[in-house]
Amino acid sequence: MENPPHVDTKPAAGMEPQTAAGKVLWHFTMSLDGFVAGPGHGMDWMTGFSFRPGLVEEYAGTTGAVLGGRDGWDAFPDAGGIYGGAWQGAVFVLTHHPEDAPSAEGVTFLSCDVAEAVRIALKAADGKNVEVFSPTIGRQLLERGLIDEIDLHIAPVLLGDGIRLFDNPGGAPLRLELLDGGDRTATVNVRYRPAASDPSQSVR
C-alpha cells in the first residue's frame, strides 16, 4: 500500500495539520502529472523527496484504520510497513476473491460493497480517521459522497505512466474545495524547473 516515505524537511505552506476526527481520507503522495504509483504499482520513483517535519507521525497518530485494494496489497503485502512501521492498526483489503488471499496478521480481507467496507473500517478506527490507499476504491467512494477529504503530497516528478489517482474516462469533472483557510476555489500555484541528473551540474 502506498503512503508517504519517512523523510522530513521544512514545512510546506497552506496545509493545516491533520486531526483525528473520524474522517475518511483519500491519502496519497502523487506525481505532478497525477500518478500515485508507477506501472504495476511500482514505487521505486518515490525516493529523494522531502516532507515537512512530523508529517509521518501526524498521520500515524490520527489514523485508526486503513482501507486498500487487492492490487496494491498484492504488490506490497506488508501491513507492518505502513508509514515506515510508525503505525499499527486494523488494515482492510477489499477484494472480489478473498478465498485466495494469503492470511496476514492484522489484515482483514473484505468482499462487500465499498460503503460497507468504509463502515467496517470506521468502526475499527474507533473515532480516528480511515485512510483509503486505493485509487479505485477512492473513486467509488467519491461517487457516493463518502470521502471527507483528499490529502495529497505532490512530488516534483513527472512519471508519464502508471496508476492515476483519478481515472474516470468519459465522466464529468468533479470540483473540489481547497481546505487551507483561504479562497476555497483558488488554484494552487507551483513553479518547477527540470532538475539536473547530476546535482553538481545544475544551472541557475
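Me: How many helices and strands does the protein chain have?
Reply: The secondary structure comes to four helices and eight strands, where helices (H or I, at least four residues) and strands (E, at least two) are DSSP runs numbered from the N terminus. From the N terminus on, the elements run β-β-α-β-α-β-β-α-β-α-β-β. This is a predicted model, in which local features need pLDDT of at least 70 and side-chain atom pairs count only at pLDDT 80 or more, while totals for chains, interfaces and linings use all residues. Residues are numbered from 1 along each chain as its sequence is written, and side-chain values use heavy atoms, with hydrogens and water left out.

Me: What is the mean pLDDT of the chain?
Reply: The mean pLDDT, the predictor's confidence in each residue from 0 to 100, is 89 for the protein chain, and 89% of its residues reach 70 or more.

Me: And where does it stay under 50?
Reply: Residues 4-13 stay under 50, and the model has 31 contacts for them beyond four places in sequence, a contact meaning heavy atoms within 4.5 Å. Over residues 199-204 the pLDDT is also below 50, and that stretch has five contacts in the model beyond near neighbours in sequence. Where pLDDT is low, the predicted coordinates should not be read in detail.

Me: OK, burial next. What share of the residues is buried?
Reply: Of the 204 residues of the protein chain, 38% count as buried, with buried meaning under 20% relative accessible area, exposed over 50% and partly exposed in between (1.4 Å probe, protein chains only).

Me: Is helix α1 mostly covered or mostly open?
Reply: Helix α1, residues 55-62, is mostly covered, since six of its eight residues are buried, namely L55, V56, E58, Y59, A60 and T62. What covers these residues includes the strands β1 (24-31), β3 (63-69), β6 (129-132) and β7 (149-155).

Me: Switching to pockets, what volume does the second largest one have?
Reply: The second largest pocket has a volume of about 530 Å³. Of the 28 residues that line this pocket, the closest to its centre are G69, S134, T136, I137 and Q140. On a 1 Å grid over the protein atoms alone, a pocket is an open set of points where a 1.4 Å probe fits, with protein on both sides within 12 Å along at least five of seven lines, and lining residues have an atom within 4 Å of a point; grid points are joined across faces, edges and corners, and the volume is the space filled by probe spheres set on the points.

Me: Which element gives the most to that lining?
Reply: Helix α4 gives the most, with five residues, and α2 (70-75), α4 (135-143) and β8 (163-164) each supply at least two residues of the lining. By class, the lining has nine nonpolar, 11 polar and eight charged residues, where Ala, Val, Leu, Ile, Met, Phe, Trp, Tyr, Cys and Pro count as nonpolar, Asp, Glu, Lys and Arg as charged, and the others, Gly among them, as polar.

Me: Where is S134, and what does it touch?
Reply: S134 is in the loop between β6 and α4, and at 7% relative accessibility it counts as buried. Leaving out residues up to four places away in sequence, S134 touches W26, F28, L67, G68 and G69.

Me: How many aromatic pairs are there?
Reply: The count comes to three, with rings of Phe, Tyr and Trp (its six-membered ring) pairing if their centres lie within 6.5 Å, and with planes under 30 degrees apart counted as stacked, over 60 as edge-to-face and the rest as tilted. One of them is W73 with F109, whose ring centres are 6.2 Å apart with planes at 75°, so the pair is edge-to-face. The pair links distant parts of the chain, with W73 in helix α2 and F109 in strand β5 (residues 107-110), 36 residues apart. W73 counts as buried at 3% relative accessibility, and F109 counts as buried at 18%.

Me: Last one: which way does the phi of H41 and of D126 go, positive or negative?
Reply: Phi is positive in both, near 65° in H41 and about 55° in D126, and neither residue is a glycine. Most residues other than glycine have a negative phi. H41 lies in the loop between β2 (35-37) and α1 and is buried, with a relative accessible area of 14%, whereas D126, in the loop between α3 (114-125) and β6, is exposed at 68%.
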